[in-house]
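Colleague: I should like to learn how surface patches, cores and salt bridges are read from a model. May we take them in turn?

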Amino acid sequence: MTDRSSRKMYVFLLVLTVAAFGGLQGWRTIFNNFAVETVGISGAQMGALQSLREVPGFLALLAVYVLLFISQHRLAALSVVLMGLGVALTGYLPTYSGLILTTLLMSFGFHYFETMNQSLTLQYFGLKQAPLVMARLRSMGAVTNLVVGGLIWVLAAHLEYRTMFLAMGVLAALLGLWAVTRDPTRHDLPAQRKELVFRKKYWLFYVLTFLSGGRRQIFVAFAVFLLVERYGYSVQQITLLFVLNNVVNWLVNPYIGRAVNRFGERAVLSVEYGSLFFVFGAYALVDSALVAGLLYVLDNVFFNCAMAIKTYYQKIADPGDMASGMAVGFTVNHVAAVVVPVLGGLAWMVDYRVVFLGASVLSLVSLALSQLVGRPKTRTIDSDRAKQV
């Protein structure tokens, strides 16, 4: 990133990534224990709640219309402020309806930030830079998660859930407010369409994104819930698992970005989907708390390869379709994400294994479709777009 404007955008996105990932990781680390121990929700309620959590992602397409009134970078910053507010209020509303309200606030903020984050990354960084920048941001997110996990590990024995939620949410909101005062933009880039754009040539991006949403939600909604409900993981054990998970992600993410550049999106996605087929199958078959925890770490590592779906889109999309494409992508991703947790919650009541075997099947379908990525016709890139920003 030799260009000064690119560095400004990188720093801007880096600060917001730290805020968003830190707030979300803190929320995720203690949420399941808070929901089970304090609120006392059931598996079916957890599934319904996780589906509601994904509704803002489903509505990410509305971000394109919000851009009629506010710039992308300003929307990104304000979204982090909203996310922080939702996290901060969680401990003060210890009821099922309270969890619904605060979860929706947190989720609207995080999903709208991520939509703008991905859009700005694809616009401000070239075809070779974008995978590396995405990987660096995710690595920094992992470091942030590591710090947050360490703090919770130390403080969980001394502080109430309410106090920890408040501290994490306020810090995220303050960083978002700092970003509101910044302007890292440049004005010589292609203008983004302020409307939803659906094109036939993007069909594979849409389908892979849809399937990714279904698999991801099974992981997010039920993997940690499995560890808490079936294997009795405490908040300290969950925190330790998250720490290990983020150390591995911090080390591995840069290599994933380089792998996208060296081997291409098809190879990286094939590794992800092939590996997840076995990981999800193992969730259903093993009966060991230790092995289930290690599967959670592997699960999360392979999901990082999903950045290749976005860099694939960058290569085939028109320059003015980046903001719309990321908004549509988030919506397509969350069509499955809204439905899967509810169905998973109902299936869980019959046999939890059905949930993870279903994810294994989705991984196999994705593996087959990923072989269509990177064919010569879709890899044609005109020279102007190939320039490094």
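Colleague: Which residues make the nonpolar surface patch, and about how many Å² does the patch cover?

Modeller: The model is a predicted one. In this model, Leu82, Leu85, Leu89, Tyr92, Leu93, Leu101, Leu166, Val170, Leu174 and Leu177 form a nonpolar surface patch of about 810 Å².

Colleague: Which helix gives the most to the nonpolar patch?

Modeller: Helix 8 does, with four residues. At least two residues each come from helix 5 (72-90) and helix 8 (161-180).

Colleague: How should Leu82 be classed?

Modeller: Exposure is read from relative accessible area, where under 20% is buried, over 50% is exposed, and the range in between is partly exposed. Leu82, located in helix 5, has 30% relative accessibility and therefore counts as partly exposed. Val66 can be read in the same manner: this residue of helix 4 (residues 63-66) is partly exposed because its relative accessibility is 29%.

Colleague: How far apart are Val66 and Ala179 in sequence and in space?

Modeller: Val66 and Ala179 are separated by 113 residues in sequence, and their C-alpha atoms are 18 Å apart.

Colleague: Let us turn to the interior. Which residues touch the most other members of the largest nonpolar core?

Modeller: A nonpolar core is a set of buried residues joined through side-chain atoms. The largest one here has 84 residues, and Phe280, Tyr283, Tyr296 and Phe356 touch the most other members. Helix 1 (residues 4-39) gives the most to this core, contributing 14 residues. There is also a second, separate core of 28 residues, with Leu122, Tyr206, Tyr273 and Ile309 among them.

Colleague: What does Tyr283 touch, leaving aside residues up to four places away in sequence?

Modeller: The contacts of Tyr283 are Phe219, Ala223, Leu226, Ala292, Leu295, Tyr296, Asp299, Tyr352 and Phe356.

Colleague: How many salt bridges does a search of the whole structure find?

Modeller: The general idea is that side chains of opposite charge can pair when their charged atoms come close. The search finds eight salt bridges. One of them joins the side chains of Asp318 and Lys201, at 3.1 Å from N to O. This pair links distant parts of the chain, 117 residues apart: Asp318 is in the loop between helix 13 (307-316) and helix 14 (322-350), and Lys201 is in the loop between helix 8 and helix 9 (203-229). Asp318 is partly exposed, at a relative accessible area of 24%, and Lys201 is partly exposed at 42%. Arg199, Lys201, Asp318 and Asp321 are linked in a network of salt bridges.

Colleague: Why does the pair of Asp287 and Arg230 tie together parts of the chain that are 57 residues apart in sequence?

Modeller: The side chains of Asp287 and Arg230 meet in a salt bridge of 2.8 Å, N to O. Asp287 belongs to the loop between helix 11 (265-285) and helix 12 (289-303), and Arg230 to the loop between helix 9 and helix 10 (235-263), so the pair ties these parts together. Asp287 is exposed, with a relative accessible area of 59%, whereas Arg230 counts as partly exposed at 36%.

Colleague: Are Glu265 and Lys315 buried or exposed?

Modeller: Glu265 and Lys315 are both buried. Their side chains meet in a salt bridge, 2.8 Å from N to O. Glu265 is in helix 11 and Lys315 in helix 13, so the pair ties together parts 50 residues apart in sequence.

Notes:
Residues numbered from 1 in each chain as written. Predicted model: local features only at pLDDT ≥ 70, side-chain atom pairs only at ≥ 80, totals over all residues. Heavy atoms only, no water. Buried < 20%, exposed > 50% of the residue type's maximum accessible area, 1.4 Å probe, protein only. Patch = residues over 30% accessible without salt bridge, like charges linked within 9 Å, V, L, I, M, F, W, Y side chains within 5 Å. Areas by Shrake-Rupley, 256 points an atom, 1.4 Å probe, with all protein chains shown as cover. Salt bridge = Lys/Arg side-chain N within 4 Å of Asp/Glu carboxyl O. Core = buried A, V, L, I, M, F, W, Y, C linked by side-chain atoms within 4.5 Å. Contact = heavy atoms within 4.5 Å.
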